[in-house]
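Trainee: Could you take me through one part of this model up close? I'd like to hear how the strands pair up, and then how that part sits against the rest of the chain.

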Amino acid sequence: MSDIGQVRDLSGRHFHLIGMGGAGMSVVAELLAARGAQVSGSDQADSPALEHLRSLGVAAFVGHAPEHLASGATVVVSSAIRPNNPEYALAVERGQEVIHRSEALALASEGMRFVAVAGAHGKTTTSGMLTVALRHVGADPSAAVGSVLPGIGSGAVVGSGDIFVAEADESDGSFLNYAPSVELVTNIEPDHLDRYGSTEAFEQVFRDFLARLIPGGVLVTCTEDAGAMRLADYARQNGYEVIRYGRPELSLSAPEVTIEVLSNSADSASALLSWVRDGERLSHELRLAVPGEHNILNAAGAWTTGVWLGMNPVAMAEGLTAFRGTARRFELRGQCAGRRVIDDYAHHPTEVAAALAQARTVAGDGHVTVVFQPHLFSRTLSFAERFAQALSAADTVIVCDIYAAREDPVEGVDSRVITRHLPGAHFIPDMCDAARYAAENTPEGGIVMTMGAGSITQVAPILVEAWGCGNAAEASATDESADAS
């Protein structure tokens, strides 16, 4: 990595991104272009992300074809891209340089203080919160967040400051390509066992990630998660600076930054954050415009990181108040006849439980229906009973076909591995049929949650139209633009 303050000029380089419409890839494309590079790319279907990139001068193609790939381009891929993709296959045949999305992001961020936000859950929201708060305090960061930030219109932020905030992906180990000044790890709950095979191997990759911290860097993590605390203990034993945050009554060890929840309503939450630092007690009330105690935890991690980076504690707390959520994180997609459609990216049992708890708070005494699209055959098989338990918090549960993403279908396996553990749950394979059933069976005053990391986001307009109120904002996803984690 180049010295801090010497941002790398990528003019003269050409990068071609395969699957460029995806949340993560489109952010990288925008940041590479901002660093002066020539950028092109393709995706399976057109999308608002590709339209936005075209407005920035990026050559964005619909469909994958060899003629889209210039011979001198460095090819950027995510783990979702398969070897038989015609552009990828041509690059390999020609011997062109092929790098992972994370390596391209590392290039775009050279010379900056790199803040990597990692963890099994909450990293998109937390990195979004941190970005918004840093902008509020005048730090003018750059950022790569895996979802659209309201008021910005993208997950890519190109600023003039020396801080770069990135959502760091553990699913394929690609976060090991970064050299962070700060690692903010929200939690380490086992996932991606198709790759790692065991909890021990999954936790080991976070130890490997810790080793990527530059000298003088810090690990910020949550005391309420057992895996995170094992990482914190390991870090301290090996001489790393560690700052921990959490609610003392729910913590596994005493946090430096304590959280006292003050309120949690349908549309907001608040807490008191306290930190004795360098002999001085910092105590600030945090007021969020998003509900959920999990969001209080996310905000506490963002606040702690900002203060460690040298930002004013009061201004950081005020900046977090300006956060209004990110796309597909408990996002209101439409309302009609006293009913609401909320779309959420939750695709792990812990995330599903948190999202439905938030829905219960918002719905009050109203009916909660969930239309869940499992993501990955391996994850569905690993956590079938836990998914059933988490989904049981809804009044009506509808589970549709598994979204395969990067995996091939497993013969004889479908979403009934979940519904058989949940009496009364409905298996409706087609997500559009599932949405129509949800519309018909959710009474006035109720909420329908569309949930999953795949294409389920597309069905929100179907629900609103079924209730007779026209259409909602269109959403789209493809095999390569949906998350592959």
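**Strands and the domain contact**

Mentor: Let's start with strand S17 (residues 339-344) and strand S21 (residues 447-451), which pair in the parallel sense over five bridges. If you want a spot to click on, Asp-343 has Thr-450 in S21 as its bridge partner. Keep in mind that this is a predicted model.

Now zoom out a little. S17 and S21 belong to an open sheet of six strands, and the order across it is S16-S17-S21-S18-S19-S20, with mixed pairing. At the edges you find strand S16 (331-336) and strand S20 (426-427); each has a single partner strand, so one side of each is left without a neighbour in the sheet. As a general reminder, strands of a sheet pair through backbone hydrogen bonds, either parallel or antiparallel.

Where does this fit in the chain? The chain is divided into domain 1 (14-101), domain 2 (111-322) and domain 3 (331-467). The contact between domain 2 and domain 3 takes 14 residues from domain 2 and 13 residues from domain 3. Measuring between centres over C-alpha atoms, domain 2 and domain 3 are separated by 28 Å. Together they bury about 1,100 Å² between them, with 48% of that on carbon and sulfur atoms.

What holds charges together across that contact? The count between domain 2 and domain 3 is one salt bridge. Look for the side chains of Arg-386 and Glu-189, which meet in a salt bridge at 2.6 Å, N to O. There are also five residue pairs in polar contact between domain 2 and domain 3, with both residues at pLDDT 80 or more. On the side of domain 2 that touches domain 3, the elements giving two or more residues are helix H6 (193-196) and helix H9 (293-308). Sorted by class, that side of domain 2 has five nonpolar, six polar and three charged residues.

While you're in the neighbourhood of residues 241 to 288, have a look at another run of strands. Strand S12 (residues 241-246) is joined to strand S13 (residues 257-264) by two bridges, and the two run parallel. Here Gly-246 stands opposite Thr-258 in S13. S13 then goes on to strand S14 (residues 269-277), this time antiparallel, with seven bridges joining them. S13 and S14 form a hairpin with four residues between them, and Asn-264 stands opposite Ala-269 in S14.

S14 also pairs with strand S15 (residues 280-288): nine bridges join these two, and they run antiparallel. Ala-269 turns up again here, with Leu-288 in S15 as its bridge partner. S14 and S15 form a hairpin as well, with two residues between them, and Asp-278 in the turn has a positive phi of about 55°.

Back to charges for a moment. Over the model, the count comes to 18 salt bridges. One to look up is Arg-13 with Glu-97, where the closest N and O atoms are 3.7 Å apart. Arg-13 lies in the segment before strand S1 (14-18) and Glu-97 in the loop between helix H3 (86-94) and strand S5 (98-100), so this pair ties together parts that are 84 residues apart in sequence.

How values were computed. Residues numbered from 1 in each chain as written. Predicted model: local features only at pLDDT ≥ 70, side-chain atom pairs only at ≥ 80, totals over all residues. Heavy atoms only, no water. Pairing = 2+ DSSP bridges. Domains from an automatic or database assignment. Contact = heavy atoms within 4.5 Å. Buried area = accessible area lost by both parts, 1.4 Å probe. Salt bridge = Lys/Arg side-chain N within 4 Å of Asp/Glu carboxyl O. Polar contact = N/O pair within 3.5 Å; in protein donor to acceptor, adjacent residues only side chain to side chain. Nonpolar A, V, L, I, M, F, W, Y, C, P; charged D, E, K, R; others polar.
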